[in-house]
Amino acid sequence: MSNTVLYTVISLSGLGAIAAVILYFVAQKFKVTEDPRIDEVEDVLPHANCGGCGYPGCRQFAEACVKADSLEGLFCPVGGNEVMARVAEILGLEAVEEEPRVAVIRCQGSFENRPRTSHYEGATTCAVEHALYTGDTDCPWGCLGLGDCVEACNFEALYMDEKTGLPVVIDENCTACGACVEACPRDIIELRKRNKKDRKIFVSCINEDRGGVARKYCSVACIGCSKCFQVCPFDAITMGNNLAFIDSDACRLCRKCVPVCPTHSILEINFPAPRVKKELVTTAGADSSGKTAGTKDTATGKKSSSGDSTETQNKND
Amino acid sequence: MQKYQLKTFPKGGVHPAENKLSAGSPIKILPLPERVVIPVVQHLGAPAEPVVQKGDTVVAGQLLAQSKGFVSANIHASVSGKVFRIEERFDASGYKRLAFVIDRHDDTWDPAIDRSDTLHEHITASREEIIRKIQEAGIVGMGGATFPTHIKLNVPKGKKADILIINGVECEPFLTADHRLMLEKSKELMVGIRILMKALGVDRAVIGIEQNKPDAIDLLSSLAEKSSGITVQALKVKYPQGGEKQLIKAITGREVPSGALPVDVGAVVHNVGTTLAAYEAVQKNKPLVERIVTVTGKSLQEPSNFLVRIGTPVAEVIEAAGGLPEDTGKVVLGGPMMGKAVSKLDIPVTKGTSGILILPDSEAHRKPVQPCIRCAKCVSVCPMGLEPYLLMSLGQHQLWDKARRERALDCIECGSCSFICPADRPLLDYIRLDKMRIGALIRKEKKAVS
Amino acid sequence: MNKLLTVSLSPHVHGKDSTSRLMTGVVIALLPAWAVSVYYFGWAALYLPVLSVVFCMFFEFVIQKYMLKRASSLKDGSAIVTGLLLAFTLPSSLPVWILAIGALVAIGVGKMSFGGLGTNPFNPALVGRVFLFISFPVQLTSWPVPKGFHTSLTDAVTGATPLGLLKEGMRSGEQVSTLLKNVPDHMQMFLGYMGGSMGEVAAAALLLGFLYLLWKKIITWHIPVTILTTVFLFSGLLWLINPANNADPVFHLLTGGVMLGSIFMATDYVTSPMTPKGMIIYATGIGLLTVIIRRWGAYPEGVQFAILIMNAFVPLINMYVKPKRFGEVKKNG
């Protein structure tokens, strides 16, 4: 009996020893010398592996950072300037500051604003519907509402609003990684400068059709009338292809363009209600409190009767 | 049934209900529309460039847009009248594209065009002339693929075609346009075949017809006996018998390699509609301005076959067949297996519109998608030997590279997999997505190389 | 017409096949075997499968509704098939509570824990059966002797299956030829007159079901025919080498669960390969393993283990065995 135990112990220990020796030599032979700073850099990165930096994952981004002579063009949108500063510190390089950005949805073609003209059936992905036809509305530019962007988002920063059929960005979750921008077959989503208190003003339409045509299939389409362009004191608005575009870097959030838009296609989000409007709309007061409090539920849950209704749909913070 | 020796392609295929409701209905000429919409893209390839202006008066058969680039085709006026507008209009693509809107005055034709019914059997044109005339007439593959015909006739240097295959299979359920054409224009068709043979320099042509059209097989066989080199091959009824690669395999036993063209195995396939158009272009100077369209559907009053001018609104063609039924749920341009569903009816009939199929609401919807039970039916019916279930799942997980290795690009989009799937999964939808994304990848790679 | 037109990608027509139709077909194909079973084993063979189906459907419903919180998939009929097959692999003298445990394991562990229909790597009915086989060996190996309707549960005489007899006998060193004298002859076995699980005894009835499945194009011939051929050839080879220690190949085909397993279990869509070539590889494996376990293994019957083992290889087979792609081989004729 004791012999059996002895033999077992000896043979197993022997096996273990042999395996250890083999492993040692293999490890020596295939040793990869890596810059230890890669690990250090990777450690400070957010480990989201979202690909927002342009690299497949955080590891590859760290490798690129270590290899690079300057951090120009290397930016982790998820970690932002803070993380990049730490990366720079590790590598002894200068961090390149970038404005924090946030995704916005440039379409207001809700069920209410944009009548359905057909009924799509099939794979529930915008990419397929986009390839097939204009979608269940006649607007060839607007949101298809099947949520490829929501699917692409790694940070739970997007959801589909069932009432409007449009995606909504949850500002505090959005890291501006750009996955949704990439996923949208119609390039509706734009990454814009993240202003104080997440305030933003933008033209929520990318329809390049002539005004009359655009209005036919969407009541809140930008018709390219140039009114906002004329009123903007900072030259932040450019006109082109029957469409106005507000440059988020030049915009000073003065909100002059918002009321002049005849189709309410310019959105102002996370602002207190304008004083002038208070007299016009009785519910605006209640709205403003909701806006300043800035909770998601109050914002999406209410529906005001004025032009504000469109902005409440897209705002959530 | 055992009268003919039947051939077919060996792998895969399905048997959808044939529903050839309009097979017995002779071709009628559709009353001319008051306004036509003629898109500048009715073919596979680059848009043609307009050569007339808004406000110009045009006659039927006059060139409206000149082909631009290598793969492109001319566009002609199908009626005489005034160009009302040149603007973006919805067409079968599901999007708006540039189109000529012409208000018809009367039915004046370009005097160079011979519109009589006389049969011109003698082919005087040389090979080059034939190809030039076909190119000028703007002829494209009329089976639905709309690939410019003259390109297929110009056999690339170093390759040689030895057989011309005329596609009279019409394996799509419901459609009967080609069937009627073979019956009513058989003599013209035979001349057309000889024209195409001359253009290709081949001495053998085979007309492939499915055995569910015995009258066409008999008629064309009796005519073929009189011309040397032309034979008729009866084929088993199996979808997609009319697919180019399947048809070549069935008739010649040759397999077109992945990524190659039919001419690489010495075969060139043309649809019967294309062949007739070639006859008219070469012998009668007539550009492609009208085509035979099947209007069909179970609830439609009179399923029929019409000779329709290009640009006629779909709604008018449906009207002529008894009007849109109350219970319509879906309108498809083309056949039910590969046709395109449309969202509106004011879009025009174009060169590739072989049929207008009206499905009642009860048949218009897809059933809810269920989980894949891995029954392997999609694998067994795929005529290209692919694994649709796998390609769909790769598509859903966005693994385009892997889908490419699994040869997603070989898919001919025949729809057999989605047709057979017991769990009603949108297999082909996702395979198309695969193909689109792989196409984008390839373009990206090419860019990186250059 | 004021309704909106529906737009979708082609194809716009769909074949008649549906999951529930296929499952119904399988159930119909199982009916002859069930009938024979009722004839030989009496009422228990009638109500145990019904109870098994009820248990399976109940567990599937409960798990989907209260644990996974998603829509019920009872309508697809897969739980019915699982329930029937589970019961068919069990002896008719089985206590109902053991059956219930089997159903719970089959549905809960075999199917739902992997995500439900379509994602389970192992045949759920077999998972349940093997669990019971290992947990309750006594109850699972007491086989009522076939008698018919006059058998009531109380006076049922239990005996061994032909395979069990063979195994026991060979352990005690007896000759196969003498052992085989104690088992029913081939014709009796073909018609199901032998001890065994409820659904496995009647080869004739199971073959009838196979023909129905083929006729309805629910399964292809590849898996059953390959398994049966492999079992026949391999056991035949052993028999030729040494007839004293091996049973004849026909005996191997007709006894145990080979018929039921090859026609109804191994062909389970979810857990079998996708290509004909893959199916043949998989089925050959099952055939070989079955004979190996029967001949050299500890258990008299090996089909259940053979199928489960080969189930594990299915993903691998699917990855490496591809259908012949069109245009892959240049054939310029």
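**Exercise 1. Determine which radius of gyration chain B has, against the value near 22 Å for a compact globule with 450 residues.**

Step 1. For 450 residues, a compact globule would have a radius of gyration near 22 Å. The rule behind this is 2.2 Å times the number of residues to the power 0.38, with the radius taken over C-alpha atoms.

Step 2. Chain B has 21 Å, which agrees.

Step 3. The C-alpha trace of chain B spans about 60 × 55 × 50 Å along its principal axes.

This is a predicted model, in which local features need pLDDT of at least 70 and side-chain atom pairs count only at pLDDT 80 or more, while totals for chains, interfaces and linings use all residues. Residues are numbered from 1 along each chain as its sequence is written, chains are lettered from A and ligands numbered from 1 in the order in which they are written, and side-chain values use heavy atoms, with hydrogens and water left out.

**Exercise 2. Describe the make-up of chain B: its helices and strands, its domains and its buried residues.**

Step 1. Chain B holds 14 helices and 17 strands. These are DSSP runs numbered from the N terminus: helices are H or I with at least four residues, strands are E with at least two.

Step 2. Domain 1 covers 32-113 + 287-362, domain 2 covers 138-284, and domain 3 covers 377-449. The bounds come from an automatic or database domain assignment. Between the centres of domain 1 and domain 3 of chain B, taken over C-alpha atoms, there are 31 Å.

Step 3. Of the 450 residues in chain B, 60% are buried. Buried means under 20% relative accessible area, exposed over 50%, and partly exposed in between (1.4 Å probe, protein chains only).

Step 4. Among the contacts in chain B with a separation of 6 or more, 73% join residues 24 or more positions apart; contact means heavy atoms within 4.5 Å.

**Exercise 3. Place B:Asp107 and B:Arg309 in chain B and state how many residues apart in sequence the tied parts are.**

Step 1. The two residues form a salt bridge, with the closest N and O atoms of B:Asp107 and B:Arg309 3.1 Å apart. A salt bridge is a side-chain nitrogen of Lys or Arg within 4 Å of a carboxyl oxygen of Asp or Glu.

Step 2. B:Asp107 sits in the loop between strand S8 (96-104) and helix H1 (127-136), and B:Arg309 in strand S14 (residues 304-309), so the pair ties together parts of chain B that are 202 residues apart in sequence.

Step 3. B:Asp107 is partly exposed at 32% relative accessibility, whereas B:Arg309 is buried at 6%.

Step 4. Both belong to a network of salt bridges that also includes B:Arg115, B:Glu280, B:Lys286 and B:Glu290.

**Exercise 4. Find where A:Lys197 and B:Phe174 lie, and classify each as buried or exposed.**

Step 1. A:Lys197 is not a glycine, yet has a positive phi of about 55 degrees; for B:Phe174, also not a glycine, phi is positive at about 75 degrees.

Step 2. A:Lys197 lies in the loop between strand S5 (189-193) and strand S6 (200-203) of chain A. B:Phe174 lies in the loop between strand S9 (163-167) and helix H3 (177-184) of chain B.

Step 3. A:Lys197 is exposed, at 62% relative accessibility, and B:Phe174 is buried, with a relative accessible area of 2%.

**Exercise 5. Locate B:Pro240 and describe the peptide bond that leads to this residue from B:Tyr239.**

Step 1. The bond from B:Tyr239 to B:Pro240 is cis, with omega near 0 degrees.

Step 2. B:Pro240 belongs to the loop between strand S11 (230-235) and helix H6 (244-252) of chain B.
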